[in-house]
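Q: Please take a close look at one part of this model, the surroundings of its sulfur-bearing residues. Then follow the connections from there to other parts, for a reader who is new to the structure.

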Amino acid sequence: MDIANLQQIFTETFPHAAEAITVTAPGRVNLIGEHTDYNDGFVLPMAIDAKIVLVAAKRSDRQVQVYSVDFRAMDTFSLDEIEPTQKHRWSNYMRGMALMIQEAVGSPLQGMDIIMQGNVPQGAGLSSSAALEVGTAVVINELNQLQLDPVLMATLAQKAENQFVGVQCGIMDQFISMLGEAGHALFLDCRSLEYQKVPAPFHEAGAAIAVIDTAVQRGLVDSKYNERRQQCEDAVKALQQWQPDLRSLRDVGPELRPKVDELPAILAKRARHVVDENQRVIDSAAALKAGDLPAFGRYMNASHDSLRDDYEVSCRELDLLVDLVRANPETYGARMTGAGFGGCTVSLIPSSEVADLEQRVLPEYQAKTGLQARLFVFNAAAGARKL
Ligand code: GLA
């Protein structure tokens, strides 16, 4: 992305603006730990080197003017009355963020002029919306000199998504986009929000994180996502007959684990995925720390199989891509990533096999589905920050 060009567009669009700052915020790919964040569990995402860039300056009034280069559209709103808009849906992430920060700090924010552009593939499940939220949070934080804690900004971004945009996501996407570290994945405890950096030197180890976008329209994702959340809550209630103080699936320990299989069939499957996936995150983080890529890949494979068979959030296209990637004997592991029902797969492969994905997997996938999948190789990038 051409940042100098974006700064130039800013000057042309807002010739009388005050001195501008430039902020970037990355998308993310989750390596393992799927559908665990809203169960108070563990995740292991990394921020990616695809990002959104915002150039912004303070105004003396309480207006916000935002120009999206990607949508070629300008949105204007007042900080005195922040309402969702139907016309520029992308602006709702920014409006929601402004509202949540304003409420949290309890005093009015300054107006802003903003230009933005991104190269996080949209609608692919790589968290372009979380990137926009936390990028906006950093812009507001810097321009108003609020000195907000990054973890607080991440939780406010999740609140904006939950309460303003109306998507009941967990904390993972906003957290990693805010706190990601170059060259590392983060092992995040979604209850305490404590986290550890886990070195992810895939490139140096001759390996690559290959992400393939199925190009499937993710129509069902919101309703199925909420249904899964509900089923997890129902499973907790059902497990309370054996352990009355059970708070969430995160707390199912070795003694209670056998009871999971005694739940009504659907609840048993859902709970089994979450409980075992949490353990896989712990084990795979240890494997990654030890530099054991084959072991890490096996956990990825187990994660996918569980998401497909027990949690039932995969789809034909995700399964097909995973199978095609796994058909290469050099592949360490492959799984769906993100909410599911479309979106992307993530694979860990030797760097030398990237060409095989391009030359064999993508064409075979197209022949079988008629869809043109897109391949990305990502490195672990830093979280949102002012440049
Ligand atoms: C989406 C949500 C996240 C998480 C994943 C599934 O990306 O935004 O909070 O729940 O799905 O792991």
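A: Cysteine 190 is buried, because its relative accessible area of 8% falls under the 20% cut-off for that class. This value, like the others below, is computed from a predicted model. The structure holds zero disulfides. Cysteine 190 accordingly has no disulfide partner: the nearest cysteine sulfur, which belongs to cysteine 169, is 11 Å away, whereas a disulfide requires two cysteine sulfur atoms within 2.5 Å. Cysteine 315 is likewise in no disulfide, and its nearest cysteine sulfur, that of cysteine 344, is 11 Å away. With a relative accessible area of 15%, cysteine 315 is also under the 20% limit and therefore counts as buried.

Cysteine 169 leads from this part to the ligand. Cys169 is one of the residues around the ligand, in addition to being the cysteine whose sulfur is nearest to that of cysteine 190. The other residues around the ligand are Arg28, Glu34, His35, Asp37, Tyr38, Gly170, Met172, Asp173, Tyr225, Gly338 and Ala339. Sorted by class, this shell has five nonpolar, three polar and four charged residues. Domain 1 (3-199) and domain 2 (207-378) both supply residues to the shell, so the ligand lies between them.

Within the shell, three distances to ligand oxygen atoms may be described one by one. Glutamate 34 places a polar side-chain atom 2.6 Å from an oxygen atom of the ligand. For histidine 35, a polar backbone atom is 2.7 Å from a ligand oxygen atom. Tyrosine 225 has a polar side-chain atom 2.6 Å from an oxygen atom of the ligand. The ligand on its own has 300 Å² of accessible area, and the protein covers 92% of this area.

Another member of the shell, Arg28, provides a link to serine 127. The side chains of serine 127 and arginine 28 are joined by a polar contact of 3.4 Å. Serine 127 belongs to the loop between strand E5 (112-118) and helix H3 (128-143), and it is buried, at a relative accessible area of 9%.

Several other positions in loops can now be compared with the cysteines. Glycine 41 is located in the loop between strand E1 (21-32) and strand E2 (42-58). Its relative accessible area is 0%, which means that glycine 41 is buried. Its C-alpha atom and that of leucine 188 are 8.3 Å apart, while the two residues are separated by 147 residues along the chain. Leucine 256, in the loop between helix H6 (221-239) and helix H7 (257-260), is buried as well, with a relative accessibility of 4%. Between the C-alpha atoms of leucine 256 and tryptophan 242 there are 7.6 Å, and the two residues are 14 residues apart along the chain.

Which loop residues are not buried? Glutamate 83 is partly exposed, with a relative accessible area of 46%, and lies in the loop between strand E4 (73-78) and helix H2 (91-105). Glutamate 83 and glycine 96, 13 residues apart in sequence, have C-alpha atoms 8.2 Å apart in space. Glutamate 312 is partly exposed too, at 31% relative accessibility. It is placed in the loop between helix H9 (293-309) and helix H10 (316-326), and has a positive phi of about 50° although it is not a glycine. Glutamine 145 is exposed, because its relative accessible area of 67% is over the 50% cut-off. This glutamine lies in the loop between H3 and helix H4 (150-165), and its phi is near 50°, a positive value in a residue other than glycine.

The account closes with a residue in a strand. Isoleucine 21 has its place in strand E1 and is buried, at 14% relative accessibility. Its C-alpha atom is separated by 25 Å from that of glycine 183, and the two are 162 residues apart along the chain.

Terms used:
Residues numbered from 1 in each chain as written. Predicted model: local features only at pLDDT ≥ 70, side-chain atom pairs only at ≥ 80, totals over all residues. Heavy atoms only, no water. Near = heavy atom within 4 Å. Polar contact = N/O pair within 3.5 Å; in protein donor to acceptor, adjacent residues only side chain to side chain. Areas by Shrake-Rupley, 256 points an atom, 1.4 Å probe, with all protein chains shown as cover. Nonpolar A, V, L, I, M, F, W, Y, C, P; charged D, E, K, R; others polar. Domains from an automatic or database assignment. Buried < 20%, exposed > 50% of the residue type's maximum accessible area, 1.4 Å probe, protein only. Helix = DSSP H or I, 4+ residues; strand = E, 2+ residues; numbered from the N terminus.
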